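The exercises below are meant to be worked with the sequence and the coordinates side by side. Each begins with a task and is followed by a solution that goes step by step.

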Amino acid sequence: WRALAPGGWLILEGFAETSEPAALGPGKPELLYRLDETLAALPGHTIVEALTGRVHLSEGPRHEGLADVIRLTVSKPLHANSTA
């Protein structure tokens, strides 16, 4: 977040923490995202889109099937005092 220029955009997709694991995703809980924790790490952000859900990925032989993901698009404020 600190490396992103003021007014810049962050677009993120990551495997989500859920109570029902999907077919795809890392086997280690520490590698999973939580939307609330991710947003808390982005001070002053403006949400453009934020969702958690189950999607079907088709990204090649090792990434095909159901996956729980977070998808996030946020913008960083223009003012330097809000960019912690």
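**Exercise 1. Describe the surroundings of Val74.**

Val74 counts as buried, since its relative accessibility is 0%, where buried means under 20% relative accessible area, exposed means over 50% and partly exposed lies in between, with a 1.4 Å probe and protein chains only. The model is a predicted one, in which local features need pLDDT of at least 70 and side-chain atom pairs count only at pLDDT 80 or more, while totals for chains, interfaces and linings use all residues. Residues are numbered from 1 along each chain as its sequence is written, and side-chain values use heavy atoms, with hydrogens and water left out.

The next step is to place the residue: Val74 belongs to strand S3, where helices (H or I, at least four residues) and strands (E, at least two) are DSSP runs numbered from the N terminus. Then list its contacts, a contact being heavy atoms within 4.5 Å. Leaving out residues up to four places away in sequence, Val74 touches Trp1, Gly8, Trp9, Leu10, Leu39, Leu42, His45, Thr46, Ile47 and Val48. For one of these partners, Leu42, the C-alpha to C-alpha distance to Val74 is 8.8 Å, although the two are 32 residues apart in sequence.

**Exercise 2. Set out the overall architecture of the protein chain.**

Begin with the secondary structure, which comes to 1 helix and 3 strands, and then read the order from the N terminus, which is β-α-β-β. The C-alpha trace spans about 45 × 25 × 20 Å along its principal axes.

Turn next to burial and contacts. Of the 84 residues in the protein chain, 29% are buried; among contacts with a separation of 6 or more, 65% are between residues 24 or more positions apart. The accessible surface, obtained by the Shrake-Rupley method with a 1.4 Å probe, for residues with only the protein chains shown counting as cover, is about 5700 Å², and 54% of this area belongs to carbon and sulfur atoms.

**Exercise 3. Is Thr38 buried or exposed, and which residues is Thr38 in contact with?**

First locate Thr38, which is found in helix H1, residues 35-40. Its relative accessibility of 12% then classes Thr38 as buried. Apart from neighbours within four places in sequence, Thr38 is in contact with Tyr33, Ile70 and Leu72. As a distance to check on the model, the C-alpha atoms of Thr38 and Ala50 are separated by 10 Å, and these residues are 12 apart along the chain.

**Exercise 4. Work through the salt bridges.**

A salt bridge is a side-chain nitrogen of Lys or Arg within 4 Å of a carboxyl oxygen of Asp or Glu, and a search of the whole structure finds 5 of them.

Take first the bridge between Arg34 and Glu17, at 3.8 Å from N to O. Both residues lie in the loop between strand S1 (9-15) and H1, so the pair ties together parts that are 17 residues apart in sequence. Arg34 is partly exposed at 31% relative accessible area, and Glu17 is partly exposed at 42%. Arg34 also meets Glu37 in a salt bridge of 3.6 Å, N to O, and Glu37 is partly exposed at 48%.

Now examine the pair Asp68 and Arg54, whose side chains meet at 2.9 Å, N to O. Asp68 lies in strand S3 (residues 64-75) and Arg54 in strand S2 (residues 46-58), so this bridge ties together parts that are 14 residues apart in sequence. Asp68 counts as buried at 8% relative accessibility, whereas Arg54 counts as partly exposed at 40%. Finally, salt bridges with shared partners join Glu17, Arg34, Asp36 and Glu37 into one network.

**Exercise 5. Where does the charged end of Lys76 sit?**

A charge sits over a ring if NZ of Lys or CZ of Arg is within 6 Å of the ring centre and within 35 degrees of the ring normal. On this criterion, the charged end of Lys76 sits over the ring of Trp1, at 5.5 Å from the centre of that ring.
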